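Work through these exercises with the model open beside you. Try each task before you read its solution.

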Amino acid sequence: MTSFLDPLISFVSAHPWLAYLTLFLAALLEAVPVVGSVIPGSTVILALSALVPGGELRLQWVLLAAALGAVLGDGSAYWIGHRQQREILNTWPLTNYPRVVEQSETFFHRFGTWAVFFARFVPPIRAFVPVTAGALGMPPARFYAINIPAILVWAPAHVLPGVLAVSALHEYAGLPHHGHPYKHMWILTVVGVAIVVGAAVWIYRRRNGGGVAVAKPRG
């Protein structure tokens, strides 16, 4: 695996704009209803943050790419819901995911406008609450007043752990930042945890009748 990561890190160093574009798309697609429930956007952001301490990527541009992607993704989903109202919740592909739509509505009714803030940190609800907020008639000004601060907290919460972890490993081990071992360690840990959590959630959903991510069979 490390033999694969070395050329990847070198490629990112030579073409950082592709990494920023990847971060932007990861954050954007993670906010798209249905698509966001399967796109590992948070994993991508957490993993690539390991490349900030060594200078392959710039912290401010990583944060900006992730935040802009999230704003555009959440905003697009919200406006689709706002324009079509409840009709959007009863059309394809959302009709294939009745349980997650129901959970999103319950989440929204339980927390009110703060559901938009909390949902940013709760996958896969994160991919459905913005469109639900629009469909249920939440005013645009109120949506953005909650959504943008949430994203400004969410982006650093996903980027800084990798930056701090790799910096701390370099500091305590006394190795230069241009060395790759601890970047490998962080990236592989993030990917490994994501796989384990994903498998655990899949097993849990299978045992409990399909959970939120299982589509309703077509018939």
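**Exercise 1: The nonpolar cores**

In this predicted model, the largest nonpolar core has 25 residues, and Val116, Ala133 and Met138 touch the most other members.

Task: Find which helices each supply at least two residues of this core.

Solution. Go along the chain from the N terminus. Start with α4 (59-84) and α5 (98-111). Add α6 (114-119) and α7 (129-135). Finish with α8 (140-173). Each of these helices supplies at least two residues of the core.

Task: Take Met138 and list what it touches, not counting residues up to four places away in sequence.

Solution. Select Met138 and look for its contacts. Tyr78, His82 and Phe108 are among them. Thr113 and Val116 also touch Met138. Ala133 and Phe143 complete the list.

Task: Now look for a second core; how many residues does it have?

Solution. This core is separate and has 19 residues. Its members include Val62, Ala65, Ala67 and Ala70.

**Exercise 2: Phe24**

Task: Place Phe24 in a helix, then decide whether it is buried, partly exposed or exposed.

Solution. First, locate the residue: Phe24 lies in helix α2, which covers residues 16-30. Next, take its relative accessible area, which is 24%. Buried means under 20%, and exposed means over 50%. Phe24 falls in between, so it is partly exposed.

Task: Find what Phe24 touches beyond four places away in sequence.

Solution. Leave out residues up to four places away. The contacts are then Ala65, Leu68, Gly69 and Leu72. Ala65 also belongs to the second core. Now check Val62: it is 38 residues from Phe24 in sequence, yet the C-alpha to C-alpha distance is 8.6 Å.

**Exercise 3: A surface patch**

Task: Which residues make the nonpolar surface patch of about 430 Å²?

Solution. Trp17, Leu21, Leu25, Leu29 and Val35 make the patch. Now take Val35. It lies in the loop between α2 and α3 (41-48). Its relative accessible area is 34%. A patch residue needs over 30%, so Val35 passes this cut-off. Val35 counts as partly exposed.

**Exercise 4: The whole chain**

Task: Describe the secondary structure, burial, contacts and surface of the chain.

Solution. Count the elements: nine helices and zero strands. Then take burial: 42% of the 219 residues are buried. For contacts, keep those with a separation of 6 or more; residues 24 or more positions apart account for 75% of them. Last, the accessible surface comes to about 11,300 Å², and 68% of this belongs to carbon and sulfur atoms.

Definitions and conventions:
Residues are numbered from 1 along each chain as its sequence is written. This is a predicted model: local features need pLDDT of at least 70, side-chain atom pairs count only at pLDDT 80 or more; totals for chains, interfaces and linings use all residues. Side-chain values use heavy atoms; hydrogens and water are left out. Helices (H or I, at least four residues) and strands (E, at least two) are DSSP runs, numbered from the N terminus. Buried means under 20% relative accessible area, exposed over 50%, partly exposed in between (1.4 Å probe, protein chains only). Contact means heavy atoms within 4.5 Å. Accessible areas come from the Shrake-Rupley method with a 1.4 Å probe; for residues, only the protein chains shown count as cover. Patches are made of residues with over 30% relative accessible area and no salt bridge: like charges are joined within 9 Å, nonpolar side chains (Val, Leu, Ile, Met, Phe, Trp, Tyr) within 5 Å. A salt bridge is a side-chain nitrogen of Lys or Arg within 4 Å of a carboxyl oxygen of Asp or Glu. A nonpolar core is a set of buried Ala, Val, Leu, Ile, Met, Phe, Trp, Tyr and Cys residues joined through side-chain atoms within 4.5 Å.
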